[in-house]
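Please examine the structure shown below together with its sequence. The paragraphs that follow lead through selected contacts, salt bridges, pockets and cavities.

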Amino acid sequence: MLTHTSAQMHIAAKRVFRLSLTVALSLAVAYGSAQTMPFMAPLFAFILGAAPRPPMGPKGLLGLLLALCVMLSSGLLLIPMLLHYPVTALLVALCGLFFANYVTLHLGKPQVGVLLTIGVTLISAMGLMGYGIAVLLIKAMCINIAVAVLCQWLVYPLFPEEGPTPAPPPPPRPLQSSWLALRATLIVFPSYLLVLSNPAMYAPIIMKSVALGQQVSETDVRSAGRELLGSTLMAALLAIIMWYCLKLLPNLWMFFLWTLAFSVFIVARVYGVAKTRYSPGFWSNVLITLLIFIGPAVGDTESGKDPYKASAVRLGLFVGVTLYAWLTLVFLDWLRERQESRQQALPGAETE
């Protein structure tokens with residue numbers, strides 16, 4: 001029994017170092033090569049590498065990039081509709097968000113769902129600033145995904161997976177999938193409306209709302225406050241600590257090392273190596289939000305903006321989006337319970 005437990009811990013520890021090093025290395029490569037929106041590379045590295053399995057091969061990467069271009073191009077189709085037929089475009093975007101979340105939940109394709117959501121929301125919103133900006137953003141995302149997968153190839157031989165790959169959890173029932181997809185859609189859509197009002201300022205909210213939309217699919221009402229708001233505040237605290245650590249010696253080498261250190265701290269809790277009372281989803285959201293905090297803050301410094309003011313605005317927006325997600329979750333679950341109680345009361349009334 002002890003040997004089996006030690007072996008499991010050994011495998012989990014290897015997964016921690018593999019994923020953390022992949023995230024940190026992808027950040028270093030993206031920033032070192034001066035990519036557009038380089039903080040997206042470690043985000044994709046975490047999303048694609050979180051599952052304990054070998055990385056995709058060259059054919060898989062090529063297929064992913066082709067599928068990515070197709071899915072993100074859905075946002076390009078919405079740009080002229082938003083300019084000339086805004087109400088119709090918003091209805092199409094709402095249906096697109098529901099479909100993306102349903103694909104994530106019922107078909108068990110979270111990467112596909114995330115990319116579809118980004119295509120519908122972020123690409124179409126940034127396209128309001130110019131069609132060329134949206135195309136440039138698609139190219140940047142393709143390059144950042146390629147960087148993330150390349151870093152997976154470099155890191156995986158150092159910490160290869162051992163034993164059989166854990167089976168994915170069974171998908172929820174179709175009716176439950178539809179309900180969870182509706183919850184996630186109603187969380188992302190208001191953030192999309194806010195981004196449409198000022199794409200340049202509110203673009204990071206899309207990534208945060210997408211993360212929340214994915215998280216609420218696995219979160220019940222009782223733990224909603226701890227999972228949603230708690231993870232956002234924890235990420236903000238870690239971002240402040242990491243920022244002041246970076247100020248001690250601000251260069252790319254230290255950025256890589258601090259990202260590695262903070263990733264090991266968080267990912268160890270995602271895989272259960274470090275015991276915690278919070279769920280893996282909580283710590284996954286912490287790392288995603290931390291990267292969203294730190295990346296734009298570094299970009300603000302490079303462009304001459306005040307990073308403290310911009311980060312304070314982002315924190316306020318993130319907390320606001322999180323509180324809205326929590327209230328939406330509570331309201332929708334209350335509405336569903338009320339509907340179910342009414343349906344259960346109908347046969348009894350007919351019997352009487």
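A convenient place to begin is A239, which touches L290, F293 and I294 when residues up to four places away in sequence are left aside. The model is a predicted one. A239 belongs to helix α9, which spans residues 224-248. Its relative accessible area is 8%, and because the limit for a buried residue is under 20%, A239 counts as buried. A further relation brings in I292: 53 residues separate A239 from I292 in sequence, while their C-alpha atoms lie 9.4 Å apart in space.

One of the partners of A239, L290, leads on to a wider set of contacts. With residues up to four places away in sequence again excluded, L290 touches A235, L238, A239, M242, F262 and I266. L290 is also one of the residues with the most contacts inside the largest nonpolar core, alongside I145 and Y192. That core has 86 residues. Its leading contributor is helix α11, residues 280-302, which supplies 12 residues. A second core, separate from this one, consists of five residues, among them L21, A24, A28 and F256. As general background, nonpolar side chains in soluble globular proteins tend to be buried together.

A further example of a buried side chain is C142, located in helix α6. The relative accessible area of C142 is 12%, and the residue is buried. C142 touches L65, L68 and C69, not counting residues up to four places away in sequence. For the pair C142 and C69, the separation is 73 residues in sequence and 7.6 Å in space, taken from C-alpha to C-alpha.

Attention may now turn to charged side chains. How many salt bridges does the structure hold? There are two. In one of them, E161 pairs with R15, and the closest N and O atoms are 2.4 Å apart. This pair joins distant parts of the chain, since E161 sits in the loop between α6 (131-155) and α7 (174-197), whereas R15 sits in helix α1 (residues 2-32), 146 residues away. Both E161 and R15 are buried.

In the other salt bridge, the side chains of R18 and E161 meet at 2.7 Å, N to O. R18 lies in helix α1 and E161 in the loop between α6 and α7, so this pair ties together parts 143 residues apart in sequence. Are these two partners buried or exposed? R18 has a relative accessible area of 7% and is therefore buried. E161, at 13%, is buried as well. Taken together, R15, R18 and E161 form a linked network of salt bridges.

R18 also provides a route to the empty space in the model. Rolling a probe the size of a water molecule over the atoms shows where such space is left. A search of the whole structure finds three cavities of 30 Å³ or more. The largest cavity contains about 80 Å³ of space. R18 is among its lining residues, together with L19, T22, G49, A51, R53, P54, P55, Q152 and Y156. Helix α1 gives the most to this lining, with three residues. By class, the lining divides into five nonpolar, three polar and two charged residues.

The second largest cavity holds about 40 Å³ of space. Which residues line the second largest cavity? They are F44, I47, L48, Q111, V114, L115 and I145. The elements giving two or more residues to this lining are α2 (40-49) and α5. Six of the lining residues are nonpolar and one is polar, with no charged residues present. I145, named here as a lining residue, is also one of the residues with the most contacts inside the largest nonpolar core.

The final feature is the second largest pocket, with about 860 Å³ of space. Its lining comprises 32 residues, and those nearest its centre are A200, P296, D300, K305 and R314. Two or more lining residues come from each of α1, α5 (110-127), α6, α8 (199-216), α11 and α12 (307-351). Helix α8 makes the largest contribution, with six residues. In terms of class, the lining of this pocket has 21 nonpolar, five polar and six charged residues.

Methods: Residues numbered from 1 in each chain as written. Predicted model: local features only at pLDDT ≥ 70, side-chain atom pairs only at ≥ 80, totals over all residues. Heavy atoms only, no water. Core = buried A, V, L, I, M, F, W, Y, C linked by side-chain atoms within 4.5 Å. Buried < 20%, exposed > 50% of the residue type's maximum accessible area, 1.4 Å probe, protein only. Helix = DSSP H or I, 4+ residues; strand = E, 2+ residues; numbered from the N terminus. Contact = heavy atoms within 4.5 Å. Salt bridge = Lys/Arg side-chain N within 4 Å of Asp/Glu carboxyl O. 1 Å grid on protein atoms, 1.4 Å probe; cavity = no way out; pocket = protein on both sides within 12 Å on 5 of 7 lines; lining within 4 Å. Points joined across faces, edges and corners; volume = space filled by probe spheres on them. Nonpolar A, V, L, I, M, F, W, Y, C, P; charged D, E, K, R; others polar.
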